[in-house]
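Work through the exercises below with the coordinates open. Try each task before you read its solution.

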Amino acid sequence: MAKRVVSTKAQRHKDTKKGRIQWLFMRPFFVSLCLCALVFTTLGVEKEPAAEYRARRVRLAQRIKGNVLVLRAAPDQELVKYQPERNFYYLTGFDEPSAILLLDAASDPPQEFLFLPERQPADERWTGAKLGPGAEAEKTTGFAKVLATSELDATLKQVSEHAKSVYGLNDVRNDIAYLRQVKSATEIALLEKAIQITLQAEQAAAKTIAPGVMEYQVEAALEFEFRRNGAERPGFPSIVGSGPYSTVLHYDKSERRMQTGEVVVVDIGAEYGGYSADVTRTYPVSGKFSARQRELYQIVLDAQKAAIAKVKPGARISDLHQAAMGYIRLKGYDKYFIHGTSHHIGLEVHDAGDASRPLEPNMVVTIEPGIYIPEEQIGIRIEDDVLVTPAGYRVLSDFPKEPAEVEALVKR
């Protein structure tokens, strides 16, 4: 998903050669390395182990030593599917509304409390069972103390007596973002699952694309794959833009009928276990690129490969952009490349953190150059998700992208 450029430092995939189309059917869907560490709830939602969330709270306490943090979960909204506040979820793994985290980093050792509303049996007839304060919640969440929200004020008053300050989210947002940029092994496993679901959705989209088909039919086919394979939701509004809308970066209306001879940009990401993928492919509606479309497609693809080759520890997102932009400028199309090349992904598709920070192992970024020519109604974007490794990089979204391979996907 293209990220809007907001500064002069432009922001914004390792091109491996695996079996591509055949690989989609042969590679096991679930990532085996970290599967044993992930936890499935009785509802089938996959989470990280409680110890991982606890370790994050310990790291945050070190960064805010001497202070107390009060962090609140998102409130509930009637008839709106609940979505956790990302920073609260990152630190607790708790995904029910109106919870409160109290992190006392002024104590030695630090203390932590989770406050939950008392259970309301009458309300639960409408909402389903909720977790209330007490021993069951302590076992489920990994917190040593899970108290009723009515006890927050007294507890806060007690711990704040020896604290320098009482912090809220805005005071620690940058600290949490710094931690979020480097992923744990279990976070990477969740991201890989989100990506594999997204690749299945890209394949479903390619099979649906044809002249006369509505964009919303493609959107329906791909989002069916999201839910069928266990994703909670799209990580962002799915982009299916054909013809003139292939040049509109975040077009998400999906209301146009695709025409013979056009291209269609499919920029999508499944959210799995709270983590969002972000993969883009551009397809020929008729199953074959015109000479002009193929020319532009190859330029974008080669620019993407140049940027991917720059991914390694110590490199910056600006270096990746310079590699892609430099190639596109060499070909004379720099004025048609109007966004950054890379951004971090994680709990948010444009994940938190300083884009100027040098890359480190276990960061996950996108590589997504594009060329958009409104007067020709041709937009081309190719995007992959790339893991930074100690030795360089690994492309997580290994999916066909050579022109002939993409044509073959549509023709199938």
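β14 and strand β17 (residues 384-389) pair in the antiparallel sense, over four bridges. The model is a predicted one.

**Exercise 1. Place the strands of the sheet that holds β14, and find what packs on it.**

Solution.
Step 1. Set the order. The open sheet has three strands, β14-β17-β18, and the pairing is antiparallel.
Step 2. Find the edges. β14 (364-367) and β18 (392-395) each pair on one side only.
Step 3. Add the twist. From one strand to the next, the twist averages 40 degrees.
Step 4. Check the register. Val 364 stands opposite Leu 387 in β17.
Step 5. Look for a helix. Helix α10 (residues 291-308) lies across β14, β17 and β18. Its direction runs at about 155 degrees to β14.

**Exercise 2. Classify the burial of Lys 305 in helix α10, and state how far its C-alpha is from that of Ala 324.**

Solution.
Step 1. Locate the residue. Lys 305 belongs to helix α10.
Step 2. Apply the cut-offs. Partly exposed lies between 20% and 50% relative accessible area. Lys 305 has 26% relative accessibility, so it counts as partly exposed.
Step 3. Take the distance. Lys 305 and Ala 324 are 19 residues apart in sequence, yet 8.1 Å apart in space, C-alpha to C-alpha.

**Exercise 3. Describe the hairpin of β15 and β16, then follow Ile 371 into the core.**

Solution.
Step 1. Pair the strands. β15 and strand β16 (residues 378-381) are antiparallel, with four bridges. Ile 371 stands opposite Ile 380 in β16.
Step 2. Inspect the turn. Four residues lie between the strands, and Gln 377 takes a positive phi near 55 degrees.
Step 3. Compare the faces. In a regular strand the side chains alternate between the two faces of the sheet. Strand β15 (residues 370-373) has Gly 370 and Tyr 372 on one side, and Ile 371 and Ile 373 on the other. All four are buried, so both faces are covered.
Step 4. List contacts. Beyond four places away in sequence, Ile 371 touches residues including Leu 296, Ile 299, Val 300, Ile 328, Tyr 333 and Tyr 336.
Step 5. Move to the core. The largest nonpolar core has 100 residues. Ile 209, Leu 222, Tyr 283, Leu 359 and Ile 371 touch the most other members. Helix α8 (residues 185-208) gives the largest share, eleven residues.
Step 6. Look for another core. A second, separate core has ten residues, among them Phe 113, Phe 115, Leu 156 and Val 159.

**Exercise 4. Work out which strands stand at the edges of the five-strand sheet, and which helices touch or cross it.**

Solution.
Step 1. Write the order. The open sheet reads β6-β5-β4-β3-β7, with mixed pairing.
Step 2. Read the ends. β6 (146-148) and β7 (166-167) have a single partner strand each, so one side of each is left without a neighbour in the sheet.
Step 3. Pack the first helix. Helix α2 (residues 50-63) touches β3 (68-72), β4 (100-104) and β5. Its direction makes about 50 degrees with that of β4.
Step 4. Check one pairing. Strand β5 (residues 111-116) and β6 run parallel, joined by three bridges. Leu 114 has Val 146 as its bridge partner in β6.
Step 5. Add the other helix. Helix α7 (residues 169-181) lies across β3 and β7, at about 95 degrees to β3.

**Exercise 5. Find the unusual backbone angles at Leu 79, Ser 98 and Pro 109.**

Solution.
Step 1. Recall the norm. Most residues other than glycine have a negative phi, and most peptide bonds are trans.
Step 2. Take Leu 79. Its phi is positive, about 60 degrees. The residue sits in the loop between β3 and α3 (86-92). Leu 79 counts as exposed because its relative accessibility is 85%.
Step 3. Take Ser 98. Its phi is near 65 degrees, also a positive value. Ser 98 lies in the loop between α3 and β4, and is partly exposed at 33%.
Step 4. Take Pro 109. A cis peptide bond joins Asp 108 to Pro 109, with omega about 0 degrees. Pro 109 lies in the loop between β4 and β5.

Note on methods. Residues numbered from 1 in each chain as written. Predicted model: local features only at pLDDT ≥ 70, side-chain atom pairs only at ≥ 80, totals over all residues. Heavy atoms only, no water. Pairing = 2+ DSSP bridges. Helix = DSSP H or I, 4+ residues; strand = E, 2+ residues; numbered from the N terminus. Contact = heavy atoms within 4.5 Å. Axes fitted to C-alpha atoms, helices over the stretch in contact; angles between N-to-C directions. Core = buried A, V, L, I, M, F, W, Y, C linked by side-chain atoms within 4.5 Å. Buried < 20%, exposed > 50% of the residue type's maximum accessible area, 1.4 Å probe, protein only.
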